[in-house]
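Student: I have this model open and would like to go through parts of it with you. Could we take it piece by piece?
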Amino acid sequence: MRAAGVADVAVKVFSHYYRLFESGQQGTIREDDIDPVGELPHLEHLDPSEESRRAALAETVVIKLNGGLGTSMGVTGPKSALPVKDGLSFLDIIARQILATRRAYDVPLPLVLMNSFRTKKESLAILGEYSDLPVDGVPLDFEQNMEPKLLADDLTPAEWPDDPELAWCPPGHGDIYTALVASGTLDALREKGFRHAFISNADNLGATPDGRIAAWMVEHDVPFGMEVCRRTRSDRKGGHVAVRKSDGRLILRDSAQVPPDDTKHFQDITRHKTFNTNNLWIDLDRLAELMAGHDGILGLPIIVNRKTVDPADSSSPKVIQLETAMGTAIETFEGSQAVVVDRSRFKPVKTTNDLLVLRSDVYQLNDAGDLTTHHVGDEPYVDLDPEYFKILADFEARFAAGPPSLVRADRLEVRGDVAFGKDVVVLGEVEVEAPAGERREIPDGTELRG
């Protein structure tokens, strides 16, 4: 790591987790050791004054996790560079959201990306189109750290001469705290008077800086705030908050931390009723105190990720990636809180299924960069055949004339090789299937029902 130029604090953090894993820790959290959370405050019930919102946002910086590539959709560049709505990329829309909030509240509200070395250049080029975006004295980005993948059989660093970069991995998004310190960004933000950071994923366009939460953080002196949503059946595998019995602190339990015999409890949405959106609010002064007091090691729970050194080659050597998740810091800040938010603040794009919904008429993009909808009830459930739609180029070829209308749809399932014509409308619940080995063409203007 030192030879590759990795910061000393990141080496120290990796060494900490290596020793934990070597000693047998797996980072599991048993159901017997936790209780479900009780009632949580709801965003809709927070009603601070306009001046309180403005004052809080004046001390807030927006940080977007932007290290991800679109590899799962067959894209090599940053996922945030993909066109998602009206020809605009995630980053275009994020920039517009930031600028609109600045105008509305008359606040500086810097935008800072946590990039990887693979996303930095292209992402900054997109933001470069917005000349009024940079804030004096605040960097537009900092880079996440990297660590070696470990061979599963002896825990030595993996090597992969065919593509040496594949021998390295990011340490999970929990690395954001280490990277903020290592890059000097945390000090730079605090020196400019910014007290709070709103952190979220770049692929979640619902995660806009909300003045109500910013003011709630200040009014109640919350050191760490997590936005959570009510769990539905489709969220049963998402990480949930709980109360640790031993000390009464809020914790986050991710699916990777669940022992197999506790899976039924983990997925019980009547017991654990909310999930983590990965929209976090953090007091930067408290973060600096914690990092300084623990020699740069925040002590987040370890997550052991087992993969192959080349994710696209299942026959390549088995490796272990030692990771942390940024939401698990909820347990390290005394007095952490969670707030329930509406589903509109959680719109991640992980697959082309999500992308189709976002590109369709279910959502409209207003001048402030906010997504609005006229769809009644939950957004439509879309399940496209992965053999023909998983890769972006294949997906776009089958929707060459644009997405179908889904504003009156509840469910769209597509099986086989199906191509959609122009102005196709989906009504209610629809299943479309192509005969095996044949392409089915949906003619222009077709209304699909049942």
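Student: Is Phe 389 buried or exposed?
Tutor: This is a predicted model, and in it Phe 389 counts as buried, because its relative accessibility is 0%, where buried means under 20%.

Student: Which aromatic residues are linked with Phe 389 in a cluster?
Tutor: Ring pairs link Phe 389 into a cluster with Phe 395, Phe 399 and Phe 420. In addition, Arg 398 lies over the face of Phe 389, at 5.9 Å from the ring centre.

Student: And are there aromatic pairs elsewhere, say in helix H1; how many does the structure hold?
Tutor: The structure holds seven aromatic pairs. In one of them, the ring centres of Phe 14 and Tyr 18 are 6.1 Å apart and the planes stand at 55°, so the pair is tilted. Both residues belong to helix H1, which covers residues 8–22, and because they are four residues apart they are separated by about one helical turn.

Student: Which of those two is buried, and which is partly exposed?
Tutor: Phe 14 counts as buried, at 12% relative accessibility, whereas Tyr 18 is partly exposed, with a relative accessible area of 22%.

Student: Back to Phe 389 for a moment: what is the geometry of the pair of Phe 389 and Phe 399?
Tutor: That pair is tilted as well, with 5.7 Å from centre to centre and 45° between the planes. Phe 389 sits in helix H11 (residues 386–389), while Phe 399 is in the loop between helix H12 (392–398) and strand S21 (409–415), so that the pair, ten residues apart, links distant parts of the chain. Phe 399 is buried too, with a relative accessible area of 7%.

Student: Where else does an arginine lie over a ring face?
Tutor: Arg 231 lies over the face of Phe 266, at 5.2 Å from the ring centre.

Student: New topic, helix H9: which of its residues are buried?
Tutor: In H9, which covers residues 284–293, the buried residues are Leu 284, Leu 287, Ala 288, Leu 290 and Met 291. Seen down the helix axis, the buried residues of H9 fall within an arc of 165°, so they line one face of the helix. On the other side of H9, Glu 289, Ala 292 and Gly 293 are exposed.

Student: What do the buried residues of H9 pack against?
Tutor: They pack against several elements, including helices H5 (176–182) and H6 (185–191), together with strands S2 (60–66), S10 (196–201) and S14 (274–283).

Student: And what is found at the start of H9 and just after it?
Tutor: At the start of H9, a side-chain oxygen of Asp 283 comes within 3.0 Å of the backbone nitrogen of Asp 285. Just after the helix, Asp 295 takes a positive phi of about 60°.

Student: You mentioned S10; what is Asn 201 in contact with?
Tutor: Asn 201, which lies in strand S10, is buried, with a relative accessible area of 16%. Leaving aside neighbours within four places in sequence, Asn 201 is in contact with Lys 64, Leu 65, Asn 278 and Lys 350.

Student: Last one: how does strand S12 pair with S1 and with S13?
Tutor: S12 (residues 240–244) runs antiparallel to S1 (residues 34–35), and two bridges join them, with Val 243 in S12 as the bridge partner of Asp 35. S12 also pairs with S13 (residues 250–253) in the antiparallel sense, over four bridges, and here the bridge partner of Ala 242 is Ile 251. The hairpin of S12 and S13 has five residues between the strands, and in it Gly 248 takes a positive phi near 75°.

Definitions and conventions:
Residues numbered from 1 in each chain as written. Predicted model: local features only at pLDDT ≥ 70, side-chain atom pairs only at ≥ 80, totals over all residues. Heavy atoms only, no water. Buried < 20%, exposed > 50% of the residue type's maximum accessible area, 1.4 Å probe, protein only. Arc of directions from axis to C-beta. Contact = heavy atoms within 4.5 Å. Polar contact = N/O pair within 3.5 Å; in protein donor to acceptor, adjacent residues only side chain to side chain. Pairing = 2+ DSSP bridges. Phe/Tyr/Trp six-rings, centres within 6.5 Å; stacked < 30°, edge-to-face > 60°. Lys NZ or Arg CZ within 6 Å of the ring centre and 35° of its normal.
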